[in-house]
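Thanks for coming, everyone. I'd like to walk you through one model this morning. Let me put it on the screen.

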Amino acid sequence: MSGERDALDGHDARLLLALARDPRATVLALAERVGLSRNTVQARLARLDRLGALDTFERRVDPAALGYPLTAFVTVRVVQRELAAVADALDRVPEVLEVHGVSGPEDLLVHLVARDADDLYRIAGHLLAIDGVERTSTSLVMRSLVGFRTAPLLRRLAGDG
């Protein structure tokens with residue numbers, strides 16, 4: 001989203017909230033919920049998709065349902081000239097869900113899942129063996145206290161909170 005013209009408005013926020021509540025809703029059902037015409041909703045959804053405001057359905061799939069109940073975050077220190085190669089190698093590890101470049105003493109924050117403690121040990125060893133990785137530190141998620149969410153931001157934008 002690049003500029004003022006691309007900014008979301010209250011109608012967009014209400015549309016996204018309705019979609020978050022019922023991802024399988026038809027355009028007509030969404031239009032009725034948000035008080036806009038079907039064509040307007042269709043155009044807004046196309047625009048939101050084009051702007052990158054809509055994430056993939058993949059984000060809704062729970063790794064635990066796939067047999068990966070453990071979640072961990074791994075900080076990674078990388079040889080700076082190897083950052084792109086390390087990122088490419090991490091992209092090829094199926095258990096890696098996300099990789100973020102971060103500020104501070106470490107370079108990357110890796111969000112990953114594992115089947116059990118032995119699997120986590122195997123994955124951590126694999127990450128450490130990637131050329132260009134200097135050091136890793138693994139933190140196991142004991143409990144998720146606040147899951148991924150955008151609804152509070154959408155409610156604020158919609159003027160509801």
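Which residue in β4 does Thr75 stand opposite? Thr75 stands opposite Ser137. Keep that pair in view while I set the ground rules.

This is a predicted model, so local features need pLDDT of at least 70, side-chain atom pairs count only at pLDDT 80 or more, and totals for chains, interfaces and linings use all residues. Residues are numbered from 1 along each chain as its sequence is written, and side-chain values use heavy atoms, with hydrogens and water left out.

Now some terms. Helices (H or I, at least four residues) and strands (E, at least two) are DSSP runs, numbered from the N terminus. Two strands pair if DSSP finds at least two bridges between them.

Sheet first. Four strands form an open sheet, in the order β2-β3-β1-β4. The pairing is antiparallel. Which strands stand at the edges? They are β2, residues 96–101, and β4, residues 133–140. Each has a single partner strand, so one side of each is left without a neighbour in the sheet. On average, neighbouring strands are turned by 20° against each other, direction ignored. For angles, axes are lines fitted to C-alpha atoms, for helices over the stretch in contact, and values run from 0 to 180 degrees between N-to-C directions.

Let's go pair by pair. Strand β1 covers residues 70–78 and is joined to β4 by seven bridges. One of the facing pairs is the one we began with, Thr75 and Ser137. Ala72 has Leu140 in β4 as its bridge partner. Seven bridges also join β1 to β3. There, Thr71 is partnered by Val113. Between β2 and β3 there are five bridges, and Glu98 has His111 in β3 as its bridge partner. The hairpin of β2 and β3 has six residues between the strands. In that hairpin, Gly104 takes a positive phi near 105°.

Just past β4, look at Val141. It sits in the loop between β4 and α6, residues 151–158. Leaving aside neighbours within four places in sequence, Val141 is in contact with Thr71, Ala72 and Phe73. Contact means heavy atoms within 4.5 Å. Is Val141 buried or exposed? Neither: at 28% relative accessibility, Val141 counts as partly exposed. The cut-offs are these: buried is under 20% relative accessible area, exposed is over 50%, and partly exposed is in between, with a 1.4 Å probe and protein chains only.

Two helices go with the sheet. Helix α5, residues 117–128, lies across β1, β3 and β4. It runs at about 145° to β3.

Next, helix α3, residues 38–51. How far apart are its end C-alpha atoms? They are 20 Å apart. At 1.5 Å a residue, its 14 residues should span 20 Å, which agrees. The expected span is 1.5 Å times one less than the number of residues.

Which α3 residues are buried? Val41, Arg44, Leu45, Arg47, Leu48 and Leu51. Seen down the axis, they fall within an arc of 165°, so they line one face of the helix. The arc is that of the directions from the helix axis to the C-beta atoms. On the other side, Asn39 and Arg50 are exposed. Among what covers the buried residues are α1, residues 10–21, and α2, residues 27–34. Just after α3, Gly52 takes a positive phi of about 85°.

Take α1 next. Asp12 lies in that helix. Asp12 is buried, with a relative accessible area of 1%. Not counting residues up to four places away in sequence, Asp12 touches Ala7, Arg44, Arg47 and Leu48.

Now α2. The α2 and α3 helices pack at an angle of about 105°, with their axes 8 Å apart. They are therefore roughly perpendicular. That label covers 65 to 115 degrees; under 35 counts as roughly parallel, over 145 as roughly antiparallel, and the rest as oblique. From α2, the contact uses Val27, Leu28, Leu30, Ala31 and Val34. From α3, it uses Arg38, Val41, Gln42 and Leu45.

One last residue, Leu28 of α2. At 48% relative accessibility, Leu28 counts as partly exposed. Its C-alpha atom and that of Val41 are separated by 8.2 Å, 13 residues apart along the chain.
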